[in-house]
Amino acid sequence: MAEKEQVFVGGSYSDLAVLSTNNNSIKRHKVPSTINIIKRGGSSIVMGTNKGIYILNPEKKVVFIGPEIKEDGSYQLSIP
């Protein structure tokens with residue numbers, strides 16, 4: 001996902017890489033699953049992975065928010 005001053009790259013290597021276009025630096029954030037999609041959700045970055053949904057919150061922490069899928073197929077998100 002590309003924004004004006006940052007590019008977010010994920011994949012099967014269990015990291016979210018954030019490239020700053022201002023100074024060409026890269027910061028990596030551990031995500032314990034393959035990242036399939038990256039979107040902005042307000043002030044957070046939302047990542048869809050093979051194991052559920054993770055966010056990179058404004059404090060730069062990766063947090064699992066779900067879903068916890070039950071046997072009947074229902075699920076619930078755990079938004080911190």
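1. The sheet. Three strands make an open sheet, ordered 1-2-3, with antiparallel pairing. Strand 1 (6-10) and strand 3 (26-30) are the edge strands, each pairing on one side only. Neighbouring strands are turned by 20° against each other on average, direction ignored. Two strands pair if DSSP finds at least two bridges between them. Strands are DSSP runs (E, at least two residues), numbered from the N terminus. The axes behind the angle are lines fitted to C-alpha atoms, and angles run from 0 to 180 degrees between N-to-C directions.

2. Basis of the values. This is a predicted model: local features need pLDDT of at least 70, side-chain atom pairs count only at pLDDT 80 or more, and totals for chains, interfaces and linings use all residues. Residues are numbered from 1 along each chain as its sequence is written, and side-chain values use heavy atoms, with hydrogens and water left out.

3. Strands 2 and 3. Strand 2 (residues 15-20) runs antiparallel to strand 3, and 5 bridges join them. One bridge partner pair is Leu19 with Ile26 of strand 3.

4. Lys27. This residue lies in strand 3. Lys27 counts as exposed because its relative accessibility is 57%. The cut-offs are: buried under 20% relative accessible area, exposed over 50%, partly exposed in between (1.4 Å probe, protein chains only). Leaving out residues up to four places away in sequence, Lys27 touches Leu16, Ala17 and Val18. Contact here means heavy atoms within 4.5 Å. The C-alpha atoms of Lys27 and Leu16 are 8.2 Å apart, with their positions 11 residues apart along the chain.

5. Salt bridges. The count is 3. The rule asks for a side-chain nitrogen of Lys or Arg within 4 Å of a carboxyl oxygen of Asp or Glu.

6. Arg40 and Glu3. Their side chains form a salt bridge at 2.6 Å, N to O. The pair links distant parts of the chain, 37 residues apart: Arg40 sits in strand 4 (residues 35-41), Glu3 in the segment before strand 1. Arg40 counts as partly exposed at 36% relative accessibility. Glu3 is also partly exposed, at 27%.

7. The Asp15 network. Arg28 and Asp15 meet in a salt bridge at 3.9 Å, N to O. Arg28 is in strand 3 and Asp15 in strand 2, 13 residues apart. Arg28 is exposed at 52% relative accessibility, whereas Asp15 is buried at 10%. Asp15 also forms a salt bridge with Lys30, the closest N and O atoms being 3.5 Å apart. Asp15 lies in strand 2 and Lys30 in strand 3, so this pair ties together parts 15 residues apart in sequence. Lys30 counts as exposed at 63%. Shared partners join Asp15, Arg28 and Lys30 into one salt-bridge network.

Note on methods:
Helix = DSSP H or I, 4+ residues; strand = E, 2+ residues; numbered from the N terminus.
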